[in-house]
Every structure is written in structure tokens, then in C-alpha cells.
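Visitor: I would like to learn how to read a few features of a structure, taking them one at a time. Could you guide me through them?

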There are 2 protein chains.
Amino acid sequence: MLSKKTKYGLKALFALARMYNRGPVLIADLAEAEKIPKKFLEYILLTLRNGEILASRKGKGGGYYLAREPRQITIAAAVKVLEGSVAPVACLDGSPAAVCEECVKLATCGIRLAMKDAWDAMSAVMEKTTLADVLDRIDLAEENEKELFNFVI
Amino acid sequence: MLSKKTKYGLKALFALARMYNRGPVLIADLAEAEKIPKKFLEYILLTLRNGEILASRKGKGGGYYLAREPRQITIAAAVKVLEGSVAPVACLDGSPAAVCEECVKLATCGIRLAMKDAWDAMSAVMEKTTLADVLDRIDLAEENEKELFNFVI
DNA sequence: TTTAAAGTCTATCAAGCAAATAGACAAAAT
DNA sequence: ATTTTGTCTATTTGCTTGATAGACTTTAAA
């Protein structure tokens, strides 16, 4: 299960993606709009900035904004920065040195062999889904909801 | 990341699958063979038994054994019992009532829309991978390791 | 050049969960 | 009857998550 930090972080990213190219957004405004505790959001945005998903400007007129276009930021990248790793076992998270103490031998470890294909399938999807894709899906879903509502009337 | 409980549990299941139809296995023997703290393993096996993955017999000559054939126990089922849920968000874990507090509206929740396809892909693989499949993969991997060793000589 | 508005950083806290352990109890085969 | 073996409840320890406080730094604009 994703941590609250990651969920809040994703919500913030969707909001920032929607406001892309409208300049920096204040932490306080974002916190209120997305119902995220301000101080916690501050820490989350800092994490995303250190992970080069976001950029910021200090001082008057400052705030946070996406470091790249919504179409160039993947869910995989965001989740990796926010959560650290979501791989079911350490040895599958992509970093070469990460060996889990459970594996006696990496190549023949049952847990790894059991989870590898499943994890590969999941990360492939996350790698190709961008913030822009998610916005499109949200819009489509909202459109469908409206249709449904009209139909009921 | 899977908890230690789940990892230990999977290891125990692989071992029990290998010894399928050789009668009940003692907790103590399994603990020693798989290097799992005995009391912790006791608790893990109990979880698996309550989840109807394992069955047990008390008294002399008793022990634990798989409740079904290795070919009929999926990784998805085992992980679900051991970990509770591995879905990235509660509303994706299959149970109808599970709604995450983050979603204002289930159908249009960005987090859900962002993770749904990825999670579907992962669970599909876990649903179709059985303990027997994993044993096969381990054997194959060990065979390959041996080949490699011979080649080096 | 001052000042107020913003982000940055470090420290701290409480609550909850994971991992592990202990020991009394119940069942069943011999 | 007795011994072997699983079952259950409770407890401990330490780490992680979620959240908050406050001092500090940077920057734009008055």
C-alpha cells in the first residue's frame, strides 16, 4: 500500500500538472485546495524537488512548479522519489547493489522468481503512464459521470 | 515492499510444496531448514492455516502441510493471506467495500486512475503463478547455474 | 536598502505497526 | 495416561509514518 506521503504527493502533482505554465504555486494554496496538512505538504514538495520532479522559486512571487512538462513525468518516477521503492523485494527495485538478505543466491531465489514477472508487468505500466495521461483519464471519467447523470435525468 | 512475515511465509510454502505428499512437516524442522525464527514461523503458519492455504494435524506425528496441490495455490492467494493486501490503494484490492479516504469520488479519483492499470497487470500475473510454477523456475534456474559453472571449467 | 513574503532545514513528537518472544493451553496418537 | 505437537493470548522492543514547531535563508519589490 502506498504511504500517505506518496498519495498526497501524487495529488499535488496532478494539481500542479493542471496548472502547468501558470507560474509558481504557493504551498499554502496547494495545501488548502488539496486538503493536505500544510507542514506535511512542505516536506513532501521538498522531497519531490530533491528528486528533480519539481522546481521552486524562493521569495515574493515564488512557489513550486513542475520541473518538466506533464507529458515527461511518469508515475514510476514520481512514486520512486516519494516512496523510495515499491518493488515487492529489494533485489527487484532496479538499483544494481540492492540485494535482499533473504536471497542466498540471487539467480535461484524463489521469492524473486515468484515476484519478478508480476513486478515487471506493473513497473512497465507505471513507466509509460505520465501525469498528462492521468489528467486525460480524470477528464474522461468526469465526462462519463456527467453523461450518466444526464441520462438519469 | 513485502513484509518479513510474507517473505518467510512464501519460503515456507515453497519448502512445503517441495515436500508435498510426504505427510505433515514439523514447525521445528521447517524453521531450521529455512532459517526462520521458530516462534515467528509458528505465527506465520497459523495465519496461512486460517487463510486455508495450509492445514495441520495436532499431536504425535502431526505438523503442517499444504491444503491443496501446489498447482492449485497461487502466489496471489498466498500473498493476500500473509500481507492482507498489496494493492497500492485500498480501493483497488478487490473487496467491494474498501474505499480509500483519499478518493472524493471513486470513479474520478486521480490516484486510482493512475495506479489501476499497473495494479491490474501485476495481480493478473500473481493470479496465474502457482507454487508449482515457482518450483519449476527454481529448478530451471539452478540447472542454468550449473551449466554456467561447467562452462567456466 | 529595507522589509515582508516566500521556501529551506533541523528537531521533535505521538501513534501504530513489524518482528520477535514467552508461556499456558488443547488435542491427539500411542 | 502421557508425551508430542499444534493453538492461542499477551507482551516486548524498536522502527516507521504522519504530523507539527520554529528558526533560518533567499528574493522581489517598495
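Guide: We will go through aromatic pairs, then the surface near a DNA strand, then the nonpolar core. Please keep in mind throughout that this is a predicted model.

Visitor: How is a pair of aromatic rings described, and how many such pairs does the structure hold over all chains?

Guide: In general, a pair of aromatic rings is described by the distance of the centres together with the angle of the planes. Over all chains, the structure holds four aromatic pairs. One of them joins A:Y8 and A:F40, which meet edge-to-face, with 5.7 Å from centre to centre and 85° between the planes. This pair links distant parts of the chain, since A:Y8 belongs to helix 1 of chain A and A:F40 to helix 3 of chain A, 32 residues apart.

Visitor: Which other ring pairs with A:F40, and is that pair stacked or edge-to-face?

Guide: A:F40 also pairs with A:Y43, and here the rings are stacked, 6.2 Å centre to centre with 15° between the planes. Both residues lie in helix 3 of chain A, three residues apart, which is about one turn of the helix. Taken together, A:Y8, A:F40 and A:Y43 form one aromatic cluster.

Visitor: Is A:Y8 buried or exposed, and why?

Guide: A:Y8 counts as buried because its relative accessibility is 14%, and the cut-off for buried is under 20%. A:F40, by contrast, is partly exposed, with a relative accessible area of 29%, and A:Y43 is likewise partly exposed, at 44%.

Visitor: What surrounds DNA strand D, and which of its atoms lie within 4 Å of the protein?

Guide: DNA strand D is surrounded by 24 residues, the closest being A:K4, A:K39, B:E42, B:S56 and B:Y64. By class, this surface has 11 charged, eight nonpolar and five polar residues. Of the strand's atoms within 4 Å of the protein, 69% belong to sugar or phosphate, and the rest to bases.

Visitor: Where do backbone atoms of the protein approach the strand?

Guide: A backbone N or O atom of A:K4 lies 2.7 Å from a phosphate oxygen of DNA strand D, while for A:K5 the corresponding distance to a phosphate oxygen is 3.4 Å. In chain B, a polar backbone atom of B:G59 is 3.4 Å from a sugar or linking oxygen of the strand.

Visitor: Finally, which residues have the most contacts inside the largest nonpolar core?

Guide: That core has 99 residues, and those with the most contacts inside it are A:F14, A:L45, A:I75, B:F14, B:L45 and B:I75. Leaving aside residues up to four places away in sequence, A:I75 touches residues including A:F14, A:M126 and A:L131, as well as B:A114 and B:M115.

Technical notes:
Residues numbered from 1 in each chain as written. Chains lettered and ligands numbered in written order. Predicted model: local features only at pLDDT ≥ 70, side-chain atom pairs only at ≥ 80, totals over all residues. Heavy atoms only, no water. Core = buried A, V, L, I, M, F, W, Y, C linked by side-chain atoms within 4.5 Å. Buried < 20%, exposed > 50% of the residue type's maximum accessible area, 1.4 Å probe, protein only. Contact = heavy atoms within 4.5 Å. Near = heavy atom within 4 Å. Polar contact = N/O pair within 3.5 Å; in protein donor to acceptor, adjacent residues only side chain to side chain. Nonpolar A, V, L, I, M, F, W, Y, C, P; charged D, E, K, R; others polar. Phe/Tyr/Trp six-rings, centres within 6.5 Å; stacked < 30°, edge-to-face > 60°. Helix = DSSP H or I, 4+ residues; strand = E, 2+ residues; numbered from the N terminus.
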